[in-house]
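Reader: I'd like to learn how to read a few features off a model like this one. Can we start with empty space inside the protein?

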Amino acid sequence: DTATVVDLMAVGPGNPQGINDGSSATVKYLTGYLIEKSLSVDNIFVIALIFSYFAVPRAYQHRVLFWGILGALVMRAIFILAGAALLARFHWIIYIFGAFLLFTGIKMALHRNEELHPEHNPVLKLVRRLVPVTNDYHKGHFFARDARNTGKLMATPLFLVLVLVETTDLIFAVDSIPAIFAVTEDPFLVYTSNIFAILGLRSLYFVLAGVMDKFVYLKLGLSAILVFVGAKMLLTEVYKIPATVSLLVVVSMLAITIVASMRKNRREEKEARIAAELT
């Protein structure tokens, strides 16, 4: 009958767990997407600091973000393929990933107010040493010929900004990609959740860049997520946390972070208003 046909189609060598695989994959994708999206918010904060440090005109920021995101997609594809191959061959690496995420989460919580110092970035120092750099933006180009230097092709400050953005994303990828492998080891789900989270990064930047200081508990929320997924990796042989539970935990942590930040902002605004009235 029809029920038997459905059962045979749903359960078989290619689908031993039945039709629930589809919903399970959806939950894993959403969890990975939320983890990547939440970590990318912290990335946005760093990008905003880079733009501010180099005084990048708003008209040129779109260009940097476009090429930065394009480069991020390529780099993350390499990371994900390498990570999936390593996990498939040496499954014990998952414990290294877990310990690294646990350490990173704790470090983020303890040093959440660190300042950005681009001038100390070793990659930027290397680029400055290898490539001559102009002082002007030259209408948003990454390279330009300097008329004051016999028409020599030189990098513009916008190229330095792009290098820093790519370096920053590489650092964040080291955290975020192992975090998603804690949710699923399926390279397709890992990469697609990364892609769709990153593709909206440019629009998200221009929405959030001006209000990033309002998310006062962002670092704590992100550190809690990293600690959770790190612990999940370390406990994988003892107890495998269901994908649905992981999704609920990540959503709850993000919600708590947002609500707590909003309440603190309202409280500070109320105190400032009262102080202004008293004076």
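Author: Sure, cavities it is. Rolling a probe the size of a water molecule over the atoms shows where empty space is left. In this predicted model, the largest cavity has a volume of about 70 Å³.

Reader: How many cavities of 30 Å³ or more does a search of the whole structure find?

Author: One.

Reader: And which residues line the largest cavity?

Author: The lining is made up of N43, I47, L65, G68, I69, A72, V165, D169, I198 and L201. Helices α2 (20-53), α3 and α6 each give two or more residues to that lining. The biggest contribution is from α3, with four residues.

Reader: D169 is in that lining. Is D169 buried or exposed?

Author: To call a residue buried, you want under 20% relative accessible area. D169 counts as buried because its relative accessibility is 6%.

Reader: Which residue forms a salt bridge with D169?

Author: For a salt bridge, look for a side-chain nitrogen of Lys or Arg within 4 Å of a carboxyl oxygen of Asp or Glu. D169 pairs with R76, and their closest N and O atoms are 2.8 Å apart. D169 sits in helix α6 and R76 in helix α3, so this pair ties together parts that are 93 residues apart in sequence.

Reader: What other side chain meets R76 in a salt bridge?

Author: E36 does, at 2.9 Å from N to O. That pair also links distant parts of the chain, with E36 in helix α2 and R76 in helix α3, 40 residues apart. E36 is buried at a relative accessible area of 2%, and R76 counts as buried at 2% relative accessibility.

Reader: How many salt bridges does the search of the whole structure find?

Author: Three. One of them joins the side chains of E268 and K264, 2.3 Å from N to O. Both residues are in helix α10, four residues apart, which is about one turn of the helix. E268 is partly exposed, as its relative accessible area is 38%. As for the bridges with shared partners, they join E36, R76 and D169 into one network.

Reader: While we're on α10, which residues does N265 touch, leaving out those up to four places away in sequence?

Author: N265, which has its place in helix α10 (residues 243-278), touches K214 and V216. A useful check is the C-alpha spacing: N265 and K214 are 51 residues apart along the chain, yet their C-alpha atoms are separated by 6.7 Å. N265 is buried, with a relative accessible area of 13%.

Reader: Now the outside. Which residues make the nonpolar surface patch?

Author: When you look for a patch, you want residues with over 30% relative accessible area. Here V74, I78, F79, F100, L170 and V174 make a nonpolar patch of about 470 Å². Two elements give two or more residues to the patch, α3 (58-89) and α6 (157-181). The largest share, three residues, is from α3. L170, which lies in α6, counts as partly exposed because its relative accessibility is 31%.

Reader: And how does the whole chain read?

Author: Count the elements, then check the contacts and the surface. The protein chain has 10 helices and two strands, in the order α-α-α-α-α-β-β-α-α-α-α-α. Of its 279 residues, 41% count as buried. Among contacts with a separation of 6 or more, 78% are between residues 24 or more positions apart. The chain exposes about 15700 Å², with carbon and sulfur atoms supplying 66% of it.

Conventions: Residues numbered from 1 in each chain as written. Predicted model: local features only at pLDDT ≥ 70, side-chain atom pairs only at ≥ 80, totals over all residues. Heavy atoms only, no water. Patch = residues over 30% accessible without salt bridge, like charges linked within 9 Å, V, L, I, M, F, W, Y side chains within 5 Å. Areas by Shrake-Rupley, 256 points an atom, 1.4 Å probe, with all protein chains shown as cover. Buried < 20%, exposed > 50% of the residue type's maximum accessible area, 1.4 Å probe, protein only. Contact = heavy atoms within 4.5 Å. 1 Å grid on protein atoms, 1.4 Å probe; cavity = no way out; pocket = protein on both sides within 12 Å on 5 of 7 lines; lining within 4 Å. Points joined across faces, edges and corners; volume = space filled by probe spheres on them.
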